[in-house]
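Visitor: I would like to learn how to read a protein structure, feature by feature. Could you take me through one slowly?

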Amino acid sequence: MKGSIGNITFYKTKDGFLAREKGSLNADRIANDPSFQRTRENGAEFGRAGTAGKVLRAALRSLLQNTADGRSIARLTKEMMRVIQADALNARGMRNVIDGEAELLEGFEFNVNSKLGTTLFAPFTARIDRVSGALSVNIPSFVPVSMVVAPSGTTHFKIVSAGVEIDFENEAYQSQFHSTNELEWNAAATAIIDLVNNVTANSAHPLFLALGIAFYQQVNTTMYPLKNGAFNSLALVKVSGH
């Protein structure tokens with residue numbers, strides 16, 4: 001059912017059909033009525049959270065094109081709200097990501113359908129060196145069939161990484177990406193993997209280190225992203241807010 005009956009409107013979403021009651025509020029009242037001060041404060045901070053998430057996604061765009069799940073935007077905005085709410089310097093309504101706790105984003109998974117934590121079991125070390133601007137991941141040699149949970153049809157995979165520096169105030173960012181070559185998903189041990197991404201040395205902005213895995217199927221001599229990347233993983237494995 002779609003449409004309206006009295007004050008009830010029926011509509012379709014990804015979660016199925018929903019119904020809501022038409023409200024009597026108007027934008028002018030919400031913007032000026034003192035009783036809606038908290039609503040305005042919440043709205044301002046929610047807007048900042050949405051913008052901050054958008055900048056982070058833009059910085060990781062080349063990796064997210066075939067990685068993020070359908071709800072990653074909403075989930076990231078929710079986590080950005082946690083960061084903003086951790087701001088102990090500014091008054092409610094004026095809190096922001098810069099003065100919040102960006103480290104709360106560490107561990108964020110961009111694809112809940114294929115989490116890095118349940119896909120890559122090889123131990124790794126993630127480091128952020130703010131002085132040099134080096135964001136690095138080291139993975140000792142491992143056996144792929146034992147340490148990588150690969151979807152059916154996989155013949156090869158890549159380990160991918162990104163180092164990101166974000167100026168949230170000016171909605172600007174600097175990114176660098178590195179990855180391995182396509183590695184065979186077999187019982188032969190890999191070489192040691194070192195992926196280093198460089199941003200501005202001694203940066204005053206939040207830094208983010210992302211690590212992921214992308215799956216491929218080889219047909220003749222061509223590598224095809226497996227199921228258009230639906231099983232690819234990407235997570236923030238290290239975050240330095242200041």
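**Reading the features one by one**

Guide: Let us start with a single residue, Glu79, which counts as buried because its relative accessibility is 18%, and the cut-off for buried is under 20%. Please keep in mind throughout that this is a predicted model.

Visitor: Which residue forms a salt bridge with Glu79?

Guide: The general idea is that side chains of opposite charge can pair when their charged atoms come close. In this structure the partner of Glu79 is Arg82, and the closest N and O atoms of the two are 2.7 Å apart. Both residues belong to helix 4, where they are three residues apart, so about one helical turn separates them. Arg82 has a relative accessibility of 38% and therefore counts as partly exposed.

Visitor: How many salt bridges does the structure hold?

Guide: There are four, and two others are worth following alongside the one we have just read. Asp69 forms a salt bridge with Arg75, with 2.6 Å between the closest N and O atoms. Asp69 counts as buried because its relative accessibility is 10%, while Arg75, at 22%, counts as partly exposed. Another salt bridge joins Glu45 and Arg95, whose closest N and O atoms are 2.9 Å apart. This pair links distant parts of the chain, for Glu45 sits in helix 2 and Arg95 in the loop between helix 4 (72-85) and strand 4 (125-129), 50 residues apart.

Visitor: Are Glu45 and Arg95 buried or exposed?

Guide: Glu45 is buried, and Arg95 is buried as well.

Visitor: What should I look at to get a picture of the whole chain?

Guide: A careful reader can begin with the elements, and here the protein chain has five helices and twelve strands. Burial comes next: of the 242 residues of the chain, 40% count as buried. One can then ask how far along the sequence the contacts reach, and among contacts between residues at least 6 apart in sequence, 69% join residues at least 24 apart.

Visitor: Which residues touch the most other members of the largest nonpolar core?

Guide: That core has 28 residues, and those touching the most other members are Leu56, Leu60, Met80, Leu105, Phe110, Phe208 and Leu236. Two or more residues come to this core from each of helix 2, helix 3, helix 4, strand 6, strand 10 and strand 12. Apart from this core lies another, of 25 residues, which includes Leu120, Leu135, Ile139 and Ile159.

Visitor: If I pick out Met80, what is it in contact with, leaving aside its neighbours within four places in sequence?

Guide: With those neighbours set aside, Met80 is in contact with Ala49, Ala52, Gly53, Leu56, Val97, Leu105 and Phe168.

Visitor: How does one find a pocket?

Guide: Rolling a probe the size of a water molecule over the atoms shows where empty space is left. In this structure the largest pocket holds about 280 Å³ of space. Its lining is made of 18 residues, and Ser62, Leu63, Val160, Ala214 and Tyr216 lie nearest its centre. Helix 3 (61-64), strand 6 (156-167), strand 7 (172-179), strand 10 (207-219) and strand 12 (233-240) are the elements that give two or more residues to that lining, and strand 10 provides the largest share, four residues. Sorted by class, the lining has nine nonpolar, eight polar and one charged residues.

Visitor: Which residues line the second largest pocket?

Guide: This pocket, with about 170 Å³ of space, is lined by Arg48, Thr51, Ala52, Val55, Ile84, Asn96, Val97, Ile98, Phe168, Glu169 and Glu171. The largest share of its lining, four residues, comes from helix 2 (residues 37-59). Its classes are six nonpolar, two polar and three charged residues. You have met Ala52, Val97 and Phe168 already, among the contacts of Met80.

Visitor: Finally, how should I read the backbone angle phi, and where is Glu171 found?

Guide: One can look for residues other than glycine whose phi is positive, and Glu171 is such a case, with phi near 55°. Glu171, which also helps to line the second largest pocket, is found in the loop between strand 6 and strand 7. Asn220 is not a glycine either, yet it has a positive phi of about 60°. Asn220 lies in the loop between strand 10 and strand 11 (222-225), and it counts as exposed because its relative accessibility is 70%.

Definitions and conventions:
Residues are numbered from 1 along each chain as its sequence is written. This is a predicted model: local features need pLDDT of at least 70, side-chain atom pairs count only at pLDDT 80 or more; totals for chains, interfaces and linings use all residues. Side-chain values use heavy atoms; hydrogens and water are left out. On a 1 Å grid over the protein atoms alone, a cavity is a set of points where a 1.4 Å probe fits but cannot get out, and a pocket is an open set with protein on both sides within 12 Å along at least five of seven lines; lining residues have an atom within 4 Å of a point. Grid points are joined across faces, edges and corners, and a volume is the space filled by probe spheres set on the points. Ala, Val, Leu, Ile, Met, Phe, Trp, Tyr, Cys and Pro count as nonpolar, Asp, Glu, Lys and Arg as charged, and the others, Gly among them, as polar. A salt bridge is a side-chain nitrogen of Lys or Arg within 4 Å of a carboxyl oxygen of Asp or Glu. Buried means under 20% relative accessible area, exposed over 50%, partly exposed in between (1.4 Å probe, protein chains only). A nonpolar core is a set of buried Ala, Val, Leu, Ile, Met, Phe, Trp, Tyr and Cys residues joined through side-chain atoms within 4.5 Å. Contact means heavy atoms within 4.5 Å.
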